[in-house]
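Me: Please take a close look at one part of this protein for me. I would like to see how two neighbouring pieces meet, with short sentences and every term explained.

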Amino acid sequence: MTTRPPVHPSALFAVDGLLTDEERDIRQTVRRLCDDELRPHLADWFEEGRVPARELARRFGSLGLLGMHLQGYGCGGLGAVAYGLACLELEAADSGLRSLVSVQGSLAMYAIWKYGSEEQKREWLPEMAAGERIGCFGLTEPDFGSDPAGMRTRARRDGADWVLDGGKMWITNGSVADVAVVWARTGDGVRGFLVPAGTPGFSARDVGRKLSLRASVTSELVLDGVRLPADAVLPGARGLSGPLGCLNEARFGIVFGALGAALDCLETTIAYAAEREIFGRPLASFQLTQEKLADSALEIGKGMLLAVHLGRLKEAGALTPEQVSVGKLNNVREAIAVARTCRTVLGANGVTLEYPVMRHAANLESVLTYEGTSEVHTLVVGRALTGVQAFQ
Ligand code: TGC
Ligand code: FAD
């Protein structure tokens with residue numbers, strides 16, 4: 001049996017060569033943050049089902065990770081690939097951390113940045129970029145997740161004011177948010193509203209007993225006669241294309257992020273298989289184990305090439321929603337397959353929080369579902385290929 005120094009899975013595809021020095025530096029900075037400050041706590045946060053969201057937001061803000069791909073208003077103004085790599089490193093730690101950053105930067109801040117008035121942008125974006133204020137994004141309702149067009153939350157005019165009634169479900173950062181971006185049906189189609197925390201009639205309570213994304217706040221929002229001034233509406237968004245336009249941004253981050261979770265699983269598993277002796281030999285020396293490792297490395301590598309390609313398209317202003325669906329569908333599907341395969345290599349140890357693999361696998365169940373389920377993205381790709389929509 002000959003032995004050679006092992007090659008890191010990322011080196012097989014030489015993806016680093018496709019990145020700029022600045023992108024590699026950003027990735028390294030986020031990786032160091034995760035290793036030094038976050039990884040030591042993740043198993044506890046997951047087990048206890050809590051996360052210090054406000055402290056994390058401030059820390060992420062201090063590194064420029066919140067709204068890092070947006071221009072102006074205190075945001076980073078960096079490229080799509082740099083943003084994707086930050087998502088990858090955060091999700092290599094835990095999907096909940098990437099979710100916090102995705103929802104803040106790509107959903108709540110992006111909605112204000114893209115559709116807000118100048119006053120709304122100045123009021124909210126600089127402090128959200130700094131992590132001093134947290135935002136959430138309320139689209140999903142208890143009965144309308146994949147089909148937000150059916151939403152029941154309504155906003156009606158009362159004089160110059162707006163009055164909102166309804167409820168949102170499964171809202172990341174809901175109970176810790178200073179502002180909720182709430183999408184509601186009006187006489188003029190779906191509109192977006194900025195609802196500051198503490199507005200009478202508005203409340204948030206956390207969803208308990210989650211088995212996934214436990215290191216993330218997930219809440220229900222209640223809107224009971226919430227009265228807002230005329231300038232609470234986002235002037236630039238009319239119709240469902242408003243919220244769906246925000247989803248493209250967050251879905252793009254997940255294209256990279258999911259690969260981070262998968263890579264952390266694979267790195268953990270390669271190290272474990274090298275140490276673990278079975279039938280008097282290292283587990284890594286068995287062909288069946290090597291097949292699992294090789295197949296996992298192939299999917300992560302192909303996913304990375306796809307992610308960087310989509311990132312370059314985004315930077316060139318040429319990325320379409322269908323291409324985002326291709327990336328989200330493929331990379332999350334493969335990431336969860338990698339996590340489950342890696343879990344088998346760890347045997348019984350794999351079902352504990354001593355290793356991150358099953359935590360990632362459990363988290364990826366949510367990632368498979370949120371930001372458009374795999375079925376929704378399959379149907380988006382199917383519609384692109386055939387010209388026929390099969391949603392209903
Ligand atoms: P459809 O008739 O296709 O379109 C309605 C209008 O929206 C436009 N549009 C888009 N615009 C921008 N980006 C997209 N991706 C768009 N997709 C559609 C479309 O052009 C049209 O505009 P207009 O001006 O002609 O009216 O809409 P549909 O009702 O048939 O639905 C299509 C479908 C099923 C794909 C859509 O409803 C969908 O994507 N459903 C999934 C919902 C979803 O992903 N929810 C996510 C909630 S947020 C979340 O999960 C956060 S998780 C936390 C984290 O990220 O970490
Ligand atoms: P449903 O829409 O009820 O779907 C159930 C099943 O039916 C799925 O398998 C689905 O793919 C399938 N299905 C749906 N339509 C079709 C079809 N036409 N053909 C075949 N199958 C179909 N939402 C927000 O707005 N903001 C947030 O911050 C947010 N954070 C979240 C955090 C977590 C941890 C989770 C789990 C969810 C979060 N969501 C958030 C909600 C998420 O976006 C929805 O759960 C998701 O869109 C799916 O909706 P649903 O759960 O109602 O499932």
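Reply: Here is the meeting of domain 1 and domain 2, followed by the ligands and one further salt bridge.

First, the ground rules. This is a predicted model, where local features need pLDDT of at least 70, side-chain atom pairs count only at pLDDT 80 or more, and totals for chains, interfaces and linings use all residues. Residues are numbered from 1 along each chain as its sequence is written, chains are lettered from A and ligands numbered from 1 in the order in which they are written, and side-chain values use heavy atoms, leaving out hydrogens and water.

Start with the layout. The assignment gives domain 1 (10-129), domain 2 (135-232) and domain 3 (241-386). Such bounds come from an automatic or database domain assignment. Taken over C-alpha atoms, the centres of domain 1 and domain 2 are 23 Å apart.

Now the contact itself. Domain 1 brings 24 residues, which touch 20 residues of domain 2. Contact here means heavy atoms within 4.5 Å. The size of an interface is often given as the accessible area lost when the parts come together. Between domain 1 and domain 2, about 1700 Å² is buried. That area is what the two parts lose on being put together, summed over both, with a 1.4 Å probe. Carbon and sulfur atoms give 67% of it.

Next, the charged and polar links. One salt bridge is counted between domain 1 and domain 2. The term means a side-chain nitrogen of Lys or Arg within 4 Å of a carboxyl oxygen of Asp or Glu. R54 and D178 form a salt bridge, at 3.2 Å from N to O. Six residue pairs are in polar contact across the interface, both residues at pLDDT 80 or more. A polar contact is a pair of N or O atoms within 3.5 Å; within protein, one must be able to donate a hydrogen and the other to accept it, and residues adjacent in sequence count only if both atoms are side-chain atoms.

Which helices build the domain 1 side? α2 (21-48), α3 (53-62), α5 (95-115) and α6 (118-129) each supply at least two residues. α5 gives the most, with eleven residues. Helices are DSSP runs (H or I, at least four residues), numbered from the N terminus.

Two ligands come next. Around ligand 1 there are 24 residues, with S99 among the nearest. A residue is near a molecule if one of its heavy atoms lies within 4 Å of it. A polar side-chain atom of S99 is 2.5 Å from an oxygen atom of ligand 1. Ligand 2 is surrounded by 16 residues, and T140 and E375 are among the closest. The side chain of T140 places a polar atom 2.7 Å from a nitrogen atom of ligand 2.

Last, one more salt bridge. R59 pairs with E37, the closest N and O atoms being 2.8 Å apart. R59 sits in helix α3 and E37 in helix α2, 22 residues apart.
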